[in-house]
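Colleague: I should like to go through this structure with you, beginning with the ligand and then turning to the pocket and some individual residues. May I put my questions one at a time?

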Amino acid sequence: MKLILAIMSNDDSPTVSTQLNKAGYQVTKLATTGGFLRAGNTTLICGCEDDAVQRALQIIEKHSSKRTEIIPNTASYDISHFSSFPLEVQVGGAVIFVLDVEQFYKV
Ligand code: 2BA
């Protein structure tokens with residue numbers, strides 16, 4: 001058995017956990033904070049059999065991988081000059097650990 005720890009953005013975690021649940025995985029969601037940026041993120045804990053890890057990783061990757069989004073640019077360099085060019089920002093991405101589980105109990 002394996003334990004997957006997946007750290008991702010708060011925006012992606014609802015979709016990832018819904019899709020994991022739909023595929024039959026059990027998931028626990030933790031509200032976490034990145035040690036470097038001190039910003040909120042989400043850590044999903046998912047225990048599964050060894051042969052189910054790859055499918056879980058595919059689901060996580062599909063719904064949380066890094067991608068580029070276009071957002072309106074509201075920056076201005078003075079009161080009369082607003083930039084009308086949209087901004088490309090990188091969002092998403094997940095950091096994933098897969099650990100061996102020595103023992104698992106439900107009591
Ligand atoms: P990522 O490497 O994509 O990491 C995103 C978040 O995943 C991290 O948030 C942290 O919560 C978790 N994480 C990543 N690697 C981990 C590990 N080995 N063990 C435990 N948790 C881990 P933050 O710590 O706030 O970092 C946000 C981003 O800042 C990182 O994105 C990385 O691009 C950068 N970063 C982190 N530490 C850095 C450092 N010491 N120097 C320069 N850049 C750093």
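Modeller: The answers below concern a predicted model.

Colleague: Which residues are around the ligand?

Modeller: A residue is placed around the ligand when one of its heavy atoms lies within 4 Å of the ligand. This shell divides into 5 nonpolar and 3 polar residues, with no charged residue. The residues in question are Ile7, Gly34, Gly35, Phe36, Leu37, Asn41, Val95 and Phe97.

Colleague: Which residue places a polar side-chain atom 3.1 Å from an oxygen atom of the ligand?

Modeller: Two other residues of the shell approach a ligand oxygen through the backbone: a polar backbone atom of Gly35 is 3.2 Å from such an atom, and a polar backbone atom of Phe36 is 2.9 Å from one. The residue that uses a polar side-chain atom, at 3.1 Å, is Asn41.

Colleague: How much of the ligand's area does the protein bury?

Modeller: The contacts to the ligand include the one of 2.9 Å between a ligand oxygen atom and a polar backbone atom of Phe36. Taken alone, the ligand exposes 750 Å², and the share of this area that the protein buries is 40%.

Colleague: Which strand gives the most residues to the lining of the largest pocket?

Modeller: The largest pocket has a volume of about 200 Å³. Its lining includes Ile45, Cys46 and Gly47, together with others such as Met1, Tyr25 and Lys106. The lining divides into 7 nonpolar, 4 polar and 1 charged residue. With 3 residues, the strand that gives the most is E3, residues 40-48.

Colleague: Is Thr42 buried or exposed?

Modeller: Thr42 is found in strand E3, and a polar contact of 2.7 Å joins its side chain to that of Asn10. The cut-off for a buried residue is under 20% relative accessible area. Because the value for Thr42 is 6%, the residue is buried.

Colleague: What is the phi of Arg38, and where does this residue lie?

Modeller: Arg38 is found in the loop between strand E2 (28-33) and E3. With a relative accessible area of 67%, Arg38 is exposed. Most residues other than glycine have a negative phi. Arg38 has a positive value, near 60°.

Colleague: How far apart in space are Arg67 and Gly35?

Modeller: Arg67 has its place in strand E4, residues 67-71, and counts as partly exposed because its relative accessibility is 31%. Arg67 and Gly35 are 32 residues apart in sequence. From C-alpha to C-alpha, their separation in space is 23 Å.

Colleague: Which residue shares a side-chain polar contact with Tyr105?

Modeller: Tyr105 lies in the segment after strand E8 (94-100). At 62% relative accessibility it counts as exposed, since exposed means over 50%. Tyr105 and Thr15 are 90 residues apart in sequence and 28 Å apart in space, C-alpha to C-alpha. At 2.3 Å, the side-chain partner of Tyr105 is Gln103.

Colleague: What distance separates the C-alpha atoms of Ile96 and Lys29?

Modeller: Ile96 lies in strand E8. At 34% relative accessibility, Ile96 counts as partly exposed. Ile96 and Lys29 are 67 residues apart along the chain, and their C-alpha atoms are separated by 14 Å.

Terms used. Residues numbered from 1 in each chain as written. Predicted model: local features only at pLDDT ≥ 70, side-chain atom pairs only at ≥ 80, totals over all residues. Heavy atoms only, no water. Polar contact = N/O pair within 3.5 Å; in protein donor to acceptor, adjacent residues only side chain to side chain. Areas by Shrake-Rupley, 256 points an atom, 1.4 Å probe, with all protein chains shown as cover. Nonpolar A, V, L, I, M, F, W, Y, C, P; charged D, E, K, R; others polar. 1 Å grid on protein atoms, 1.4 Å probe; cavity = no way out; pocket = protein on both sides within 12 Å on 5 of 7 lines; lining within 4 Å. Points joined across faces, edges and corners; volume = space filled by probe spheres on them. Helix = DSSP H or I, 4+ residues; strand = E, 2+ residues; numbered from the N terminus. Buried < 20%, exposed > 50% of the residue type's maximum accessible area, 1.4 Å probe, protein only.
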